[in-house]
Amino acid sequence: MIVACVSSHQSMTGDGAKTFIILLSKLLRGLQAILDKREGSPFCEDIQRSKRDQKHCHSLKQISQSLLTFQTHILDHIMAQDLRKHFLSAFSSWEGEIGRDTMESILEAYFCGRIGNSHQKLLSQLTCDFYYRCIPFINGKNEMLDLVNEYFVELHSAVTGLPVSNSRILEGLVLHRDFAVYCPADGDIRLLIVTESIDSALSPSGLEFVVNAEVQYQASQVWITKRTEAIMKHLQNNNIKVLLSSVKQQEIVIYYAKISGISVVECLSSEEISLLCRTTGISPFIPTQDNICSEVSETMIAKFCQPLVLGSKRYVHLGLTRTCAFEPHCVIFCGPVHGVTEQHASAFHGAFKMLQQLFKAVDLSDGCEQPENTNNTSKTVHCSWQQSATQQKFIMENISCNREKVNDQQLKTSMAETEKQFIDSSSWVDENPSCNQTDLQKSSDLAMPLVKLESDFMFSALIDRGSSVKELQKPPLKCKHPSEMWVMNNSEPVVNYQRICNDAMTAIENTSVSKQLDAAQEYWKPGNPIVPFKYEKSYKHTVQSYTNLVIQAGSVLPVGGNFEILLHYYLHSYAKQCQQPKITLISTVIADALLSIPKILYRTTKENSFTQVYFKATSALQTNQQLPMHQQGLESVYCKYQLVASVLHCLTKLLTIDLIIGIKRPPQKTEVNDSEDDL
Amino acid sequence: MSRIEAKKPSLCTNDPLTKERVNFSLSVFSGIVQSCYGPTGRLKQLHNGMGGYVRTTSQSSALLGGLSITHPALKILTASVRNHISRFSDCGLFTAILCCSLVEHFQRINFATCTVTKISRHLLSLCTDYLKSEACGCRVSVDFDSIKTLLSLVRSILASKPACMLNKTEANHLSTLVLKAFLLTIPHTIETNVVLGKCVIIPVKDKRVMDSTVFPGLLIEIPEFQLARTFPIKRVSSSTIKMALFCISMSGDLSSIGEGTVIVHHGISLEVAVLDQLLNLGKQLVNDQVGLVVCQKVIHPSLKQYLKEHCVITIDRVGVSMMEPLSQMTGSQPIAALHSVSPTCYGSLKDLRTESFVSKHFLHLIPNDTLVCSLILCNRNEMAWDELKLACQTAEHVLQLTIKQPLALLGGGCTETHLASYIRHKVCKALRGCLKLLNSFKMTRNLLYMGLRTELKHLLCP
């Protein structure tokens, strides 16, 4: 299970597998130590001393529950309140541009842990080049990254037997097949995609072909040949120069293609075909009786289409002109052996996954404060912007919501579902509980005064499952959740509010984090065209503050355990303030576990021992200074945040299990062994 | 909670690459490759314990292909050497020896691996920069106007393969042949995209090496009885023979009918229908004055008979490997249709002759523009022939690479000695500047020097 958790985390963020395991093992050890002490442990207070094992299990369950609470509320809270002032933004301006040197330092820090130091520089340069050459315009980066991650296998090729330094980026795409027919052509080349054989068979499946005479058979053979010839002539007349086929074409097709001067590439994989369709936005051509005579419209234009010799293999090199948010480029990895190229390719892929994560943001629903980076006047300006944008958005939402008929019953059932889901997975529980609670309140008592609703909304997140954490600091009132502001400003909010919550809940029902984030992003996008032109520049910022982001897109921190030290420090200070013994304990355990990572990082260096670094950092924090920076590299905060969240999730899952039951192949139980004691 | 099954320890081992094991495997491997190196190297016989094919060789490509290596570190080494061979054909043994001796020497001094990589990378760039520079003393530019350099290039490749069993005159003769064959594959007219032709190697075993020859054009083996009945040939003019090249089966069997069912009424034979089509095609070919029909697959005997009656020579079953040189040489396009053959697909030949060697009979297709040639390679026994073929292919590939970059290096260890002294000189110069790096540099320089000297030892000492 741990391995599954690690690999799913790794496949999402492309990084942090080792840190995951270190952190998890430290956490488990820390918890074990607490359980071993027993006496005085807050988890054992209210348990009758009847059975040892039962008690043990019970306390574990309690730990897992409080972990859940911790993850949902305290972690986000600390991230938002304390850590965020240390974040640096990777973007050089509000438009979301990312500076090349920043990019390089992020990538170098990433590759540092992935491949040997002899090729780090080269590969990070390569990645950086690839990013900037693929990206057509600034706002298309998310789409481009998605595409690159999805089709990475098709976008890289490996060559063995050449030195690593020969790795390069090629313009256009490389199809991993050779030409079946190659006819050189100049200028703009029109390409066509086919997914079935152009030559028709004598009797297609499901049909019967009756031969009455020998002449008829000959005639039908001739007809088939003539038809193929006609199709190829038609394609030639439409000025098509290259035929890309996903299936193997008959020899006769090849023959006529050669006569008509059309190059043919056969046996392309379905992924390559879909990549081509995605980048060019066309669909495959199907020859039928009807379109034989009409104009062929679904073509794409290539600047060049030529054979490319890579190592001992011949490929097709296509220079496509761009039609979507991806400037087609591909990478060629060279290396002495297959293993090296494979390692480089996976590191490269991981880097793009990491970048994808870097540009994501985390939002938080319980009203937390806005970034305190601007002075008061600008803040008020922002607020007004917020409001206008917000109102417009809500209008949009109302329109979209009118279609849905919401009643309380429906709400309750859906709430029950989310609740259940929450207990089951609970990997991502930002706004979920709060919305739940608010809805509960509202459905039970619609006449509740607005002010009360407001305060309930604020604390609702904390009443969850009886673990009363009301001591949580009340966020400053002046910077409230914008939707609340709106609620106060208008007199008929309750129904709308419910709808909004409902919308949020439907968004949440997508269990995976990325989906939810996408949904959330799309959710706010409709507001874009309405926002007046002069606000557009600040729009991004407005949206960010509006959704109360814990982590802004593109937040970075210097490498070298800075994130861990910061989180450790704030968790400790939080634990000191907190009156809840359970939470205090959990926080301390997590904080100590986090510290193990910088400990390992600084293990080898002599001048910069861990204690020195730690001491410097904490003293700087206490005096509210900037953190001392030792290294050049930067790392994505989102990835780190995701890592901590994943580890806690995995831990929760582990702790809720009390028995492992081994089952042999027939579905009956055979033996019962082992508890998680040994984990 | 009882435990029934004992927990198995996980399979993670702390250190899979213990020094002793690496050293042992490495020394065995380097012993193998070092003893093979150079013209005076010893041969290795590869054979399976169960019997079967035995190969005697000293060439790295054959050697590494035959060895079964289990140690992971050594696997990486051999894999990179094999990949090097697949790119450049030559110098496999040199690469292997240099790798082994470098690793062995580096292990002897106890440096951190990252220092070793840094230093060796620096030295490598020093070497390549020097070799690329004009000042390099061991570099010879290859002049394509005279064959002297080219010939010595080929000879040095052939002569360093002792398993070919060549004496000096034989080596000279073969080098000339290989070079001649290579020059025949270069097209006369230079366009933007230069495509080299092909040299087809035809095996004739149990004859003397001196009997090997090169023919411009293609030699296609035919059975003896066909030899007598091939003439006269129909010619378009005295120096042109029209030729048709087919890439589909002309055997008269039914072509693919699709996935549905075909119902044939009683008394109707589809085979007859197809044969009819074939004979019609034959008629068209005769009318188009085609003098030679070549088919990749089988031709129906009736069609063969019909064409023979009209003085058309047929060659079938030439196989897919011959299709590309055939179409390249004659300018014909492989035809895939049985009806309405377009006359543009026909190619032309200059002449057609018969040749015979020992017990083999060939049809010699002489093209107008020689892009394709046939090298008849003879050697006394099969093992030596295999080795010779590999050596000839290597030489051909090296010549092709030489076109890309017309530079050669001095052989016989000159380059290596020169490079070693260059490094020593450079390092000494650098040492004056930075005393701090003294130790490491000195050591590495010695190592590299020693590594290179090992090469020399094996080149020069008998």
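Here are some short exercises, with worked solutions, on a predicted model with chains A and B.

**Exercise 1. Getting to know chain A**

Task: Find how many helices and strands chain A has, and what percentage of its residues are buried.

Solution:
- Step 1. Start with the secondary structure: chain A holds 23 helices and 18 strands.
- Step 2. Turn to burial. Of the 679 residues in chain A, 54% are buried.
- Step 3. Look at the outside as well. The accessible surface of chain A is about 30700 Å², and carbon and sulfur atoms account for 53% of that.
- Step 4. Now ask how far apart in sequence the touching residues are. Taking contacts in chain A between residues at least 6 apart in sequence, 77% are between residues at least 24 apart.

**Exercise 2. A covered helix**

Task: Work out which residues of helix 9 of chain A are buried, and what covers them.

Solution:
- Step 1. Locate the helix: helix 9 of chain A spans residues 251–260, and seven of its ten residues are buried.
- Step 2. Name the buried residues. They are A:I252, A:V253, A:I254, A:Y255, A:Y256, A:A257 and A:S260.
- Step 3. Look for the cover. It includes strand 5 (179–181), helix 8 (214–237) and strand 9 (263–265) of chain A.
- Step 4. Check what follows the helix. Just after helix 9 of chain A comes A:G261, with a positive phi of about 75 degrees.

**Exercise 3. Two residues and their surroundings**

Task: Decide whether A:Q249 is buried or exposed, then do the same for A:H156.

Solution:
- Step 1. Place A:Q249: this residue sits in the loop between strand 8 (240–245) and helix 9 of chain A.
- Step 2. Compare its accessibility with the cut-off. The relative accessibility of A:Q249 is 4%, and buried means under 20%, so A:Q249 counts as buried.
- Step 3. List some contacts. Leaving out residues up to four places away in sequence, A:Q249 touches several residues, among them A:V194, A:I198 and A:I254. Its side chain also reaches the backbone oxygen of A:E196 at 3.3 Å.
- Step 4. Move to A:H156, which belongs to strand 2 of chain A. With a relative accessible area of 16%, A:H156 is buried too.
- Step 5. Find its partners. Apart from neighbours within four places in sequence, A:H156 is in contact with A:H176, A:V331, A:F333 and A:A345. The side chain of A:H156 reaches the backbone oxygen of A:F152 at 3.0 Å.

**Exercise 4. Salt bridges within a chain**

Task: Explain why the salt bridge of A:E150 and A:R278 ties together separate parts of chain A.

Solution:
- Step 1. Count first: over all chains, a search of the whole structure gives 13 salt bridges.
- Step 2. Pick out the pair. The side chains of A:E150 and A:R278 form a salt bridge at 3.4 Å, N to O.
- Step 3. Place both ends. A:E150 is in helix 6 (residues 141–150) of chain A and A:R278 is in helix 10 (residues 270–280) of chain A, so the bridge links parts 128 residues apart in sequence.
- Step 4. Check exposure. A:E150 is partly exposed, at a relative accessible area of 49%, and A:R278 is partly exposed as well, at 37%.
- Step 5. Try a pair in chain B. The side chains of B:K304 and B:D316 meet in a salt bridge at 3.1 Å, N to O. B:K304 lies in helix 10 (residues 301–309) of chain B and B:D316 in the loop between strand 10 (313–315) and helix 11 (323–330), so this pair ties together parts that are twelve residues apart in sequence.

**Exercise 5. Where the chains meet**

Task: Describe the interface of chain A and chain B by its residues, its buried area and its salt bridge.

Solution:
- Step 1. Count the residues: the contact takes 46 from chain A and 49 from chain B.
- Step 2. Give the area. The two chains bury about 3800 Å² between them, with 54% of it on carbon and sulfur atoms. In chain A, the residues that lose the most area to chain B are A:E214, A:Y217 and A:Y255, together 16% of what that side buries.
- Step 3. Find the salt bridge. One is found across the interface, and the side chains of B:K297 and A:E251 meet at 3.7 Å, N to O.
- Step 4. Add the polar contacts, which come to seven residue pairs between chain A and chain B.
- Step 5. See which element gives the largest share. On the side of chain A that touches chain B, helix 8 of chain A does so, with seven residues.
- Step 6. Sort that side by type. Its residues are 20 nonpolar, 17 polar and nine charged.

Conventions:
Residues are numbered from 1 along each chain as its sequence is written. Chains are lettered from A and ligands numbered from 1 in the order in which they are written. This is a predicted model: local features need pLDDT of at least 70, side-chain atom pairs count only at pLDDT 80 or more; totals for chains, interfaces and linings use all residues. Side-chain values use heavy atoms; hydrogens and water are left out. Helices (H or I, at least four residues) and strands (E, at least two) are DSSP runs, numbered from the N terminus. Buried means under 20% relative accessible area, exposed over 50%, partly exposed in between (1.4 Å probe, protein chains only). Contact means heavy atoms within 4.5 Å. Accessible areas come from the Shrake-Rupley method with a 1.4 Å probe; for residues, only the protein chains shown count as cover. A salt bridge is a side-chain nitrogen of Lys or Arg within 4 Å of a carboxyl oxygen of Asp or Glu. Buried area is the accessible area (1.4 Å probe) that two parts lose on being put together, summed over both. A polar contact is a pair of N or O atoms within 3.5 Å; within protein, one must be able to donate a hydrogen and the other to accept it, and residues adjacent in sequence count only if both atoms are side-chain atoms. Ala, Val, Leu, Ile, Met, Phe, Trp, Tyr, Cys and Pro count as nonpolar, Asp, Glu, Lys and Arg as charged, and the others, Gly among them, as polar.
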